Amino acid sequence: MKLLKTLALEQKEDARHGKALFPLQKYITRLDQDHPVVTTHWHDEAEFTLIKEGSAEYQIDLEGHPVNPGDLLFIQPRLLHTIALNSTEQFQQNLFQPEYFQSETYVFHLNYLGANATDICATRYLLPLMNEEYTLPCHISPDHPAYASLKTVFSQISRLYEETPPGYELAIKSCLLQAVFLLLPYGVSGKNQDTDSASEKLKTVLDYIHLHYAEALSIKELAAQCYFSEYYFMRFFKKHMHMTVIDYLNNLRMEKAVELFEQGHTSIIEVSMSVGFHSLSYFHKVFREKFSMTPKQFLQQL
């Protein structure tokens with residue numbers, strides 16, 4: 001049985017998806033009212049997703065895509081994307097929708113499909129996708145002409161991944177190539193320059209936060225990475241990240257603190273300082289708000 005992982009990633013996600021010789025990994029993502037958001041992130045791999053239950057809003061390359069059960073998503077490499085659960089009020093408008101969201105995703109590198117080869121398939125089709133020179137439709141709902149065929153392809157991938165018959169890696173590769181083939185007629189060349197510029201600015205500031213989260217970062221310092229005023233930067237960040245800069249920074253620091261605790265670090269004050277909190281009481285406050293327990297209680301559960 002393969003290990004399933006929850007797709008809840010940080011900005012530039014650096015973890016290897018799958019193995020070096022089989023760069024594909026299955027993820028089950030579940031959102032609920034206690035964990036309503038997968039924060040904005042990107043990676044060098046592509047994603048192929050089926051919405052299983054509930055509804056939510058994807059933002060892909062800074063454009064909104066409301067999704068419902070049965071919808072498919074194909075997210076190309078290096079595109080910023082996030083998932084946000086619908087509000088309670090939106091759920092109440094549709095009593096047949098559960099107040100949670102679940103999806104099944106296959107994250108894979110295009111090199112697995114042959115993007116690093118020197119044949120016509122790589123140079124004409126796969127490399128343009130990797131280099132963002134050609135854009136496939138990312139949200140495929142049931143009324144899309146390619147939906148039925150893509151849904152069949154997704155079901156085949158899911159079955160192969162679970163049953164692992166001899167040669168399943170080869171079969172999954174052929175399925176993913178078929179998915180690209182089915183979407184190619186509906187793609188477009190080039191990118192929206194305005195969206196591309198905003199996306200790159202957001203990637204720049206997220207990279208900067210990731211590198212300097214343990215330091216005393218200021219709004220002025222972060223705004224300078226985008227050449228924005230502090231006021232415009234705060235609005236820009238909240239619009240695309242669905243949270244304030246402070247909330248995002250605190251969330252990242254909390255995740256880093258948990259990593260240190262899980263690695264065997266037991267000094268709460270040393271961990272708090274190493275992830276950027278210079279007030280122990282504030283560290284306790286933020287930790288309790290995020291995890292509904294104190295750092296000491298968390299350590300006792302390890």
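This is a short talk on the fold, one sheet, two unusual loop residues and the aromatic groups of this protein.

Good morning. A reminder before we start: the model is predicted.

First, the overall picture. The protein has 302 residues, and 49% of them count as buried. It holds 11 helices and 11 strands. Now look at contacts with a separation of 6 or more. Residues 24 or more positions apart account for 69% of those. The exposed surface comes to about 15300 Å², with carbon and sulfur atoms supplying 53%.

Next, a sheet. Four strands make an open sheet in the order 2-7-4-5, and the pairing is antiparallel. Which strands stand at the edges? They are strand 2, residues 37-41, and strand 5, residues 63-67. Each has a single partner strand, so one side of each lacks a neighbour in the sheet. From one strand to the next, the twist averages 20 degrees.

Go inside that sheet. Strand 4, residues 56-60, runs antiparallel to strand 7, residues 81-85, and 5 bridges join them. Take Tyr 58: its bridge partner in strand 7 is Ile 83.

Now the loops. Most residues other than glycine have a negative phi. Two residues here go the other way. Tyr 227 has a positive phi of about 60 degrees. Where does Tyr 227 lie? Find the loop between helix 6 (219-226) and helix 7 (230-241). Tyr 227 is exposed, at 75% relative accessible area. Ser 292 also has a positive phi of about 60 degrees, and it is not a glycine either. Its loop runs between helix 10 (280-291) and helix 11 (295-301). Ser 292 counts as exposed too, with 66% relative accessibility.

On to the rings. The whole structure contains 21 aromatic pairs. Take Phe 233 and Phe 237. Their ring centres are 5.9 Å apart and their planes meet at 50 degrees, so this pair is tilted. Both sit in helix 7, 4 residues apart, which means about one helical turn separates them. Are they buried or exposed? Both are buried.

There is also an aromatic cluster. Its members are Phe 261, Phe 277, Tyr 282, Phe 283, Phe 287, Phe 291 and Phe 298. Phe 277 has another partner: Arg 253 lies over its face, 5.7 Å from the ring centre.

One last charge over a ring. The charged end of Arg 30 sits over the ring of Tyr 100, at 4.0 Å from the centre.

That's the tour. Thank you.

Conventions: Residues are numbered from 1 along each chain as its sequence is written. This is a predicted model: local features need pLDDT of at least 70, side-chain atom pairs count only at pLDDT 80 or more; totals for chains, interfaces and linings use all residues. Side-chain values use heavy atoms; hydrogens and water are left out. Helices (H or I, at least four residues) and strands (E, at least two) are DSSP runs, numbered from the N terminus. Buried means under 20% relative accessible area, exposed over 50%, partly exposed in between (1.4 Å probe, protein chains only). Contact means heavy atoms within 4.5 Å. Accessible areas come from the Shrake-Rupley method with a 1.4 Å probe; for residues, only the protein chains shown count as cover. Two strands pair if DSSP finds at least two bridges between them. Axes are lines fitted to C-alpha atoms, for helices over the stretch in contact, and angles run from 0 to 180 degrees between N-to-C directions. Rings of Phe, Tyr and Trp (its six-membered ring) pair if their centres lie within 6.5 Å; planes under 30 degrees apart count as stacked, over 60 as edge-to-face and the rest as tilted. A charge sits over a ring if NZ of Lys or CZ of Arg is within 6 Å of the ring centre and within 35 degrees of the ring normal.
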